[in-house]
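Got the viewer open and a free hand for the mouse? Let's take a walk through this one together, stop by stop.

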Amino acid sequence: MIFKQFYLNCLAHASYLIGDESSRTAAVVDPQRDIEQYLALADEQGLAITHVFLTHLHADFVAGHLELRDRSGAAICLGAAARAEYAFTPLHDRDRIDFGFVRLEALETPGHTPESISLVVYDLERSPDPYAVLTGDTLFVGDVGRPDLRVALGWSASDLGGLLYESLRTKLLALPDASLVYPAHGAGSLCGKALSQETVSTIGEQRRSNYALQPMTKAAFVDLVTADQPDAPPYFTYDAVLNSQERPTLDVALARELNPLSLDRVLMLKADEAQLLDTRDPAEFAATHLAGSINIGLGGQYATWAGTMLNREHPIVIIAAPGREQEAAIRLGRIGFDTVLGYLEDGLRSLDAHPDLTAATERLSPVLAAERLASPDPPVAVDVRSPRERAQQSIAGSISLPLNHLAERLQEL
């Protein structure tokens, strides 16, 4: 058996390719939208990707199931409770799909979403016992999936929490302790609140150490997993719906997005409510930038913050370091933001002759900030970190306006 985990740090997202060497076939589970890495590995190993599985209709990214369907002819497989515009194979509890000596067995594990499934992986050439289970967002290393992300679509968090309780205890914890646990996310994902940095564990280890798997009543479990969840970005519901729809594939979107735009054209688009997204390092942005642009650097959780701060209904113009325009567009495409009109040709160099169009932001050292805050007429200190970060330590007298709520709460200043 060929088993490969792909981990995308910026979205804390894990996807998988599972192949059988005897039949030269493979399946991909929970793929990201840019699928070249799966195709490259399949080509390297001489495999045909015949199936693509989604453990659920993801909310935090747009999956690459349609891309794999169109590029490799892969059949799409979803949990039987899923509803989608495209053709798919519905998987009921204990349904099996065999690839030579590899078997994937579906377990219906609703809770994070109503259509969630987990996939038990068997390497029949080695053992009749389960090798691993791909748990999607039902079970993480150190945590479990949050049950509140479908509230906007009419589901009760308490009802889904009750289903999650049963799924974990009657389905996943019934597997042998030696079964490897491979989830769809790690630390940094907003699909849970206490995910580990580790991206693989075992059922036995999670039974011992995972706070949500300890003995408790269903009511206590629901209270536990619905409390203190981080704010979900506004694009989560949009992506969950988009993953159920027939939509343009990423290559089609990029073909129209990677257009160089003159400075005059960018200024016209800005006047027409386009969003100017500067993806450079924050220090470079602070030194000089096109006035009115928003800085979300490519170095961090770029896609998550873009989905939080930008309006998906307004077009986007990218301002990037030369050569990084495509990366910026692809990473927006991973969350379904396909409204990019192009990028500023020559980046900030196009502003060399137009200093009147630029702005700068002063960055203070801790020492200078402390001096100003201790002055007789101190400035207002605005803490834009999350409430959880602020609870650990904060500047005395500062005002808490978390970044994801800053625009709507500016009147408080």
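What volume does the largest cavity have? About 60 Å³. Before you click on anything, keep in mind that this is a predicted model.

**Stop 1: the cavities**

Start by selecting C10, L11, D60, G188, S189, L190, Y235, F236, Q301 and T304, which line the largest cavity. Colour them by class and you should get five nonpolar, four polar and one charged.

There are two cavities of 30 Å³ or more by the rule used here. For the second largest, pick H56, L57, H58, A59, H112, T113, L149 and R150. The space they line has a volume of about 30 Å³, and the lining splits into three nonpolar, four polar and one charged.

**Stop 2: the sheet from strand 1 to strand 6**

Now switch to a cartoon view and go to the start of the chain. Here you'll find an open sheet of six strands in the order 1-2-3-4-5-6, with mixed pairing. Look for its two edges: strand 1 (2–8) and strand 6 (89–91) each have a single partner strand, so one side of each has no neighbour in the sheet. Going from one strand to the next, the twist averages 25°.

Zoom in on strand 2 (residues 13–20) and strand 3 (residues 25–29), an antiparallel pair held over five bridges. To see one such match, select I18 and its bridge partner in strand 3, A27.

Next, bring in the helices. Helix 1 (residues 36–45) packs on this sheet and touches strand 1, strand 2, strand 3 and strand 4 (48–53). The direction of helix 1 makes about 155° with that of strand 1. Then highlight helix 2 (residues 65–72), lying across strand 3, strand 4 and strand 5 (75–79) and running at about 155° to strand 4.

**Stop 3: one residue up close**

Stay in strand 2 and click on L17. Is L17 buried or exposed? It's buried, with a relative accessible area of 0%. Show its surroundings and you'll see contacts with I2, F3, K4, F6, A26, A27, V28, Y38, L41, L47 and I49, leaving aside residues up to four places away in sequence.

Want a sense of scale? Draw a distance from the C-alpha atom of L17 to that of A374: the two are separated by 57 Å and sit 357 residues apart along the chain.

**Stop 4: the sheet from strand 7 to strand 14**

Move on along the chain. Another six strands form an open sheet, in the order 7-8-9-10-13-14, and the pairing is mixed. Which strands stand at its edges? Strand 7 (96–99) and strand 14 (201–202) do, each with a single partner strand, so one side of each is left without a neighbour in the sheet.

Inside this sheet, select strand 10 (residues 132–136) and strand 13 (residues 180–183), which run parallel and are joined by four bridges. G136 is a handy one to label: it stands opposite P183 in strand 13. Now add helix 3 (residues 157–172), which packs on the sheet and touches strand 8 (102–108), strand 9 (117–123) and strand 10. The direction of helix 3 makes about 140° with that of strand 8.

**Stop 5: the pockets**

Turn on a surface for the last stop. The largest pocket has a volume of about 1,400 Å³. Of the 37 residues lining it, T361, E362, R363, V382 and V384 lie nearest its centre, so centre your view there. Helix 9 (282–287), strand 18 (294–295), helix 10 (302–309), helix 12 (366–373) and strand 22 (382–383) are the elements giving two or more residues to this lining. The largest share, five residues, comes from helix 12. By class, you're looking at 23 nonpolar, eight polar and six charged residues.

Finally, visit the second largest pocket, which holds about 890 Å³ of space. It has 31 lining residues, and L190, P230, W305, S386 and E389 lie nearest its centre. Helix 10 and helix 13 (387–392) each supply at least two residues of that lining, with helix 13 giving the largest share, four residues. Colour by class once more: 13 nonpolar, 11 polar and seven charged.

Conventions. Residues numbered from 1 in each chain as written. Predicted model: local features only at pLDDT ≥ 70, side-chain atom pairs only at ≥ 80, totals over all residues. Heavy atoms only, no water. 1 Å grid on protein atoms, 1.4 Å probe; cavity = no way out; pocket = protein on both sides within 12 Å on 5 of 7 lines; lining within 4 Å. Points joined across faces, edges and corners; volume = space filled by probe spheres on them. Nonpolar A, V, L, I, M, F, W, Y, C, P; charged D, E, K, R; others polar. Pairing = 2+ DSSP bridges. Contact = heavy atoms within 4.5 Å. Axes fitted to C-alpha atoms, helices over the stretch in contact; angles between N-to-C directions. Buried < 20%, exposed > 50% of the residue type's maximum accessible area, 1.4 Å probe, protein only.
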